[in-house]
Amino acid sequence: MRKGYILFAFMWMCLHASGQSAPEALKLIKEVTQKFNKVRDYQVDAEIDARISFLKILPQKAKVFYKSPSKFHVESKGIAILPKQNFDQIFSLLNTESNFMAFVSGSENLNGAATSIVNVVPLADTSDLVLAKLWIDVAQGLIVKSQLTTKTNGTVLIEYIYKTWNALALPDKTIFTVDVKRFKIPKAISADINSKATQEDKNKPQKPGRIIISFSNYKINKGIDDKVFAK
Amino acid sequence: MWRNTQTELVKIFAKPRSYIGFIAIAIIVSLIHVAMYVDGLNYISFITGPLESAFNIEGKILNGNLVCFIILQTLIIQIPLLVALVTGDLISGEAAMGTIRLLMTRPLSRTSVLFSKFFAGAVYVFILLIWLALVSLGIGLLIFGPGDLIVLKSETITIIPADDTLWRFFAGLGIAFISLLVVASFSLLLSCFTDNSIGPIISTMAVIILFTIVGSMDIPLFEKIKPFLFTTHMVIWRNMFDQELDYSLIYNSIMMLFGHIILFLFIAWYSFRKKDILS
């Protein structure tokens, strides 16, 4: 009986929400997108620090290029590990109101900042993104945290730290937290005959992977040749 | 001793079989280079697949450093055979041809004869490794260019910056040289006990295969034996490609390899000195 009530309540919420996006959510989203929409293009130096349990890699320097509406390119001298999600992916979705429905599902205090939690559901069936949960700093009009649930890559938690370019919603640091599976290949393939995983290692829960990207030296709206994105 | 070693080197390089190693390495490396050039990215995706399911990998993954590492990893099992082909024949080959008695009539001590042969074998191994480095790393870098190296272990992936790889390759080849000296001394030891070349060569390979199988199986009984098998320490060259080097582990393995060389040479020397040469 109790389960029935919960199911009914959930269905009512979904039907209610699918009718239209909550104005409060749209207002918050608009504030955020208005800032980012001032950016036609940018080029920024990035330091990518991948902290994944099975991966040993030193922080890598790279250059990130973006051109509105959705051109994105990362150039690194060496091998860099990046999250599947582009940094601007969420803005591409939020730019067109007809692409999604949104509603405020609560509020939270994050590092001293009052945030509203906005749930965004893309309307297109073809979208890889299933649900985006955004923590929007109400006072500054910035996304400070987002949780993206995708069809292909599971759930990704992204934290944004702003210092220099608050006015344009460009972060100085972005931290991606991704669920990773245990990495294991047969010894015969890796020719790693001396390795041995203890039972204790095998039973340890797999820690989520973190990719910390620090941005510096933004060059905004200086114009970027399209050839850069064709590489 | 050096003159004897030179004479032994001339004997080694006078035999056609001594060139099999160089030709085999050139053919295998060329085949891998061609295969990687044509379809390398597909092969690499097999390695990077688990990582790419969660992340994007930016940068030049297929490069000369990676191709060289793959070649070394593949060849390290076969190279002992190529070494044993020459060093397993050093004493027994002379016995089979009947020249050992002639050799013993020269005013040379048996110790000098044995160690000259070992040093000549060591020079052969060194030249073989230089050849391997030249064709795998040198030509690999020319074809594929430099880049960060992805090192695959059974439970981890290490990515080493391109400018930090060259010294690791040379250090790895240095350790491989010591490892192959173990094979050379072992086959030389077996060579002292027989009068035909095939026996020591086949026996050396059989022992290496057996030890490698024992070393790769995670069975508790074998765990106790593994530290004493020279094959366990022969693969320590791969540890030069860890991000943080475990110097004590590498040092211990090198000492174990030297210990094996000394032990095999001592037994070889002892038996050769006492050997009743009848052939």
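Here are four exercises with worked solutions on a predicted model with chains A and B.

**Exercise 1. The interface**

Find out how many residues of each chain are in contact, and how much area the two chains bury between them.

*Solution.* Let's start by counting residues on each side. Chain B brings 36 residues into contact with 33 residues of chain A. Next, look at the area: the two chains bury about 3300 Å² between them, and carbon and sulfur atoms account for 59% of it. Now ask which residues of chain B give the most. B:Phe55, B:Ser154 and B:Glu155 supply 22% of the area that chain B buries against chain A, more than any other three residues. Then turn to the elements of chain B. Those giving two or more residues to the side that touches chain A are helix H2 (20–52), strands E1 (55–58), E2 (149–152) and E3 (157–160), and helices H8 (198–216) and H10 (230–234). The largest share, five residues, comes from H2(B). Finally, sort this side of chain B by residue type: 14 residues are nonpolar, 13 polar and nine charged.

**Exercise 2. Links between the chains**

Work out how many salt bridges and how many polar contact pairs lie between chain B and chain A, and which strands join across the interface.

*Solution.* Begin with the salt bridges: across this interface there are zero. Polar contacts come next, and here the count is eight residue pairs. Now follow the backbone. Strand E5 (residues 80–83) of chain A is joined to E1(B) by four bridges, and the two strands run antiparallel. To see one bridge in the model, pick A:Pro83; its partner in E1(B) is B:Phe55. You have met B:Phe55 before, among the three residues that supply 22% of the area chain B buries against chain A.

**Exercise 3. The sheet of chain A**

Trace the open sheet of chain A from one edge strand to the other, and find the helix H2 that packs on it.

*Solution.* A reminder helps at the start. Strands of a sheet pair through backbone hydrogen bonds, either parallel or antiparallel. This sheet has 10 strands in the order E4-E3-E1-E12-E11-E10-E9-E8-E7-E6, with antiparallel pairing. Its edges are E4 (71–76) and E6 (100–110) of chain A, each of which pairs on one side only. On average, neighbouring strands are turned by 20 degrees against each other, direction ignored.

Now take some pairs one by one:

- E8 (residues 129–137) and E9 (residues 142–150) of chain A share eight bridges, and A:Asp137 stands opposite A:Leu142.
- E1(A) and E3(A) are also joined by eight bridges, with A:Ile48 partnered by A:Gln60.
- E3(A) and E4(A) pair over six bridges and form a hairpin with three residues between them.

For the last step, add helix H2 (residues 23–36) of chain A. H2(A) packs on the sheet, touching E1, E3, E6, E7, E8 and E9 of chain A, and its direction makes about 85 degrees with that of E6(A).

**Exercise 4. A salt bridge far along the sequence**

Explain why the salt bridge of A:Asp226 and A:Lys71 ties together parts that are apart in sequence.

*Solution.* First, the overall search: the whole structure holds 11 salt bridges over all chains. In one of them, the side chains of A:Asp226 and A:Lys71 meet at 3.1 Å, N to O. Next, place both residues. A:Asp226 lies in the loop between strand E12 (209–220) and helix H6 (227–230) of chain A, while A:Lys71 is in strand E4 of chain A, so the pair ties together parts 155 residues apart in sequence. Back in the sheet, A:Lys71 of E4(A) also stands opposite A:Lys67.

How values were computed:
Residues are numbered from 1 along each chain as its sequence is written. Chains are lettered from A and ligands numbered from 1 in the order in which they are written. This is a predicted model: local features need pLDDT of at least 70, side-chain atom pairs count only at pLDDT 80 or more; totals for chains, interfaces and linings use all residues. Side-chain values use heavy atoms; hydrogens and water are left out. Contact means heavy atoms within 4.5 Å. Buried area is the accessible area (1.4 Å probe) that two parts lose on being put together, summed over both. A salt bridge is a side-chain nitrogen of Lys or Arg within 4 Å of a carboxyl oxygen of Asp or Glu. A polar contact is a pair of N or O atoms within 3.5 Å; within protein, one must be able to donate a hydrogen and the other to accept it, and residues adjacent in sequence count only if both atoms are side-chain atoms. Ala, Val, Leu, Ile, Met, Phe, Trp, Tyr, Cys and Pro count as nonpolar, Asp, Glu, Lys and Arg as charged, and the others, Gly among them, as polar. Two strands pair if DSSP finds at least two bridges between them. Axes are lines fitted to C-alpha atoms, for helices over the stretch in contact, and angles run from 0 to 180 degrees between N-to-C directions.
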